[in-house]
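Got the model open? Let's go through some of the labels people attach to it and see what stands behind each one.

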Amino acid sequence: MKTAIAFLSSNSPNMVLSNSLENSFLAYLRTRGYAERTLRKKKSVVSSFLRWTMEKHFTVDELNESHLSAFVNRVPQRKETRIKFEMSALKPFLKHIWTERGTPNPPILIKTSNADNINRLYIDYLRKERGLAENSILVYSPLINDFITELVKQNGSASINSLDAKIIQNFLLDRIRNRSSEYARLLATALRSFLRFLYLYQKTTIDLSSSVPTVRRWDKAQVHGFFSPEEVEHVLSTIDLSTPRGRRDQTILLFLARLGLRAGEVVSLELDDILWRSGEIIVRGKGHVQDRLPLLSDIGKSLALYLHQDRGTTLSRRVFLRMLAPRIGLAGPGAVGHIVRYAVDQAGLRFPSRGAAHFFRHSLATRMIRHGASITEISEILRHRSQSSTLIYAKVDFETLRGVARPWPGKGGK
């Protein structure tokens, strides 16, 4: 029989259960680094929610996100900011209940929209069947969510049966207007993947992925932007090392500048990946490949200082954590990009092109090739799966030669 929390009496075992869940949740939040002032605000929301569930005669085992939505919208015309705050407190509380009760996430009782169901199913497909890394899912998901939202806006629902080549192409052309070719290529790839998924899961009778136009991309047509060695050192030297954030950010930038790590690889670093005795780190790269790289002395010193002074005690095994509660790992590659942009801005420099965190990776490769490193050596350091990815850096030499080459004898020359 389900555990009820439908009694208002403070002496009932259900009230005791509610208080127990509330107290254990607050204790859990304390381990995540939340300030007491924030805890008091979240406690007020959780207490109100528990009283509401008792009045409505809901049970612990049946609580799900639909109940959260009903609670925050219980009064018409509430402020959006208040609704968001209450949901930010209640969603973690609901997950905490499921964990404490040892029950799987229950299905949502109030029928969700077709759009939400399709989006969830697609993300599950990317994760379990395609084996995509979480960072890749974070890139694909918003693009497809935008596509589904547009379908709902046009048809009143995410009617997959109404999909045709014209709708798909119009959406693509509308979204890539005044955007970079790289964004256009990424959106086209995401749409192709989603449409293939719909066909495989028999949501459509034909495979519409072939209706997505190919976005032309000239192979290695453009030299990557990069900083000179002096500019890289200038950025590192202007970081404020008197603050915990500065010490964390410098360590991250050293990983980017000295070892050429990708932003996602920095985010996924865990404490067990630091091999202090052998002076190495384990890097989890693309395609779930793991590589070992040397833990250079300046990185090691900066990392040890950050771990000893600033990281603090937390349940997370990630090396680099958020500065504010909850004290968990960085959200994704975008967080590293933000750190890089802030550091570069503080140094008074500007990015000549897109790429934030990748700028240091390109700068390392450019520095290596100008000091005589071979394409094979650069490919090994950057951990490219194919040397063709590294060949773009060979163009750097030609760009340099243009500045020193003598004019060709003949017209305009002597």
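Q: What makes α9 oblique to α14?
A: This is a predicted model, and in it the axes of helix α9 (residues 229–237) and helix α14 (residues 358–370) come within 10 Å and cross at roughly 140°. Roughly antiparallel would take an angle over 145 degrees, and roughly perpendicular runs from 65 to 115. The angle of roughly 140° fits neither, so α9 counts as oblique to α14. As for handedness, α9 passes α14 in a left-handed crossing.

Q: How do you know that α9 and α14 meet, and which residues do it?
A: Contact means heavy atoms within 4.5 Å. On the α9 side you'll find P229, V232, E233 and V235, and they meet F360, S363 and R367 in α14. Sorted by class, that contact has four nonpolar residues, one polar and two charged.

Q: Why is α3 called roughly antiparallel to α4?
A: Helix α3 (residues 65–72) packs against helix α4 (residues 80–101) at an angle of about 155°, with the axes 10 Å apart. The label needs an angle over 145 degrees, and about 155° clears that, so α3 is roughly antiparallel to α4. The crossing of these two helices, α3 and α4, is right-handed.

Q: Which residues of α3 and α4 meet, and what classes are they?
A: From α3 come E65, L68, F71 and V72; their partners in α4 are I83, E86, M87, L90, K91 and L94. By class, the contact of α3 with α4 has seven nonpolar and three charged residues, with no polar ones.

Q: What makes β1 and β3 the edge strands?
A: The open sheet has three strands in the order β1-β2-β3, with antiparallel pairing. Both β1 (274–275) and β3 (290–294) pair on one side only, and that makes them the edges.

Q: How do you know that β2 and β3 pair?
A: Two strands pair if there are at least two bridges between them. Strand β2 (residues 280–284) and β3 have five bridges, in the antiparallel sense, so they count as paired. For a spot to look at, R284 stands opposite Q290 in β3.

Q: Why does T38 count as partly exposed?
A: T38 sits in helix α2 (residues 36–55). Buried would mean under 20% relative accessible area and exposed over 50%. T38 comes out at 30%, so T38 is partly exposed.

Q: What separates T38 from A325 in space and along the chain?
A: Their C-alpha atoms are separated by 9.5 Å, while T38 and A325 lie 287 residues apart along the chain.

Conventions. Residues numbered from 1 in each chain as written. Predicted model: local features only at pLDDT ≥ 70, side-chain atom pairs only at ≥ 80, totals over all residues. Heavy atoms only, no water. Axes fitted to C-alpha atoms, helices over the stretch in contact; angles between N-to-C directions. Helix = DSSP H or I, 4+ residues; strand = E, 2+ residues; numbered from the N terminus. Parallel < 35°, antiparallel > 145°, perpendicular 65-115°, else oblique. Left-handed = near helix turned anticlockwise from the far one by under 90°. Nonpolar A, V, L, I, M, F, W, Y, C, P; charged D, E, K, R; others polar. Buried < 20%, exposed > 50% of the residue type's maximum accessible area, 1.4 Å probe, protein only.
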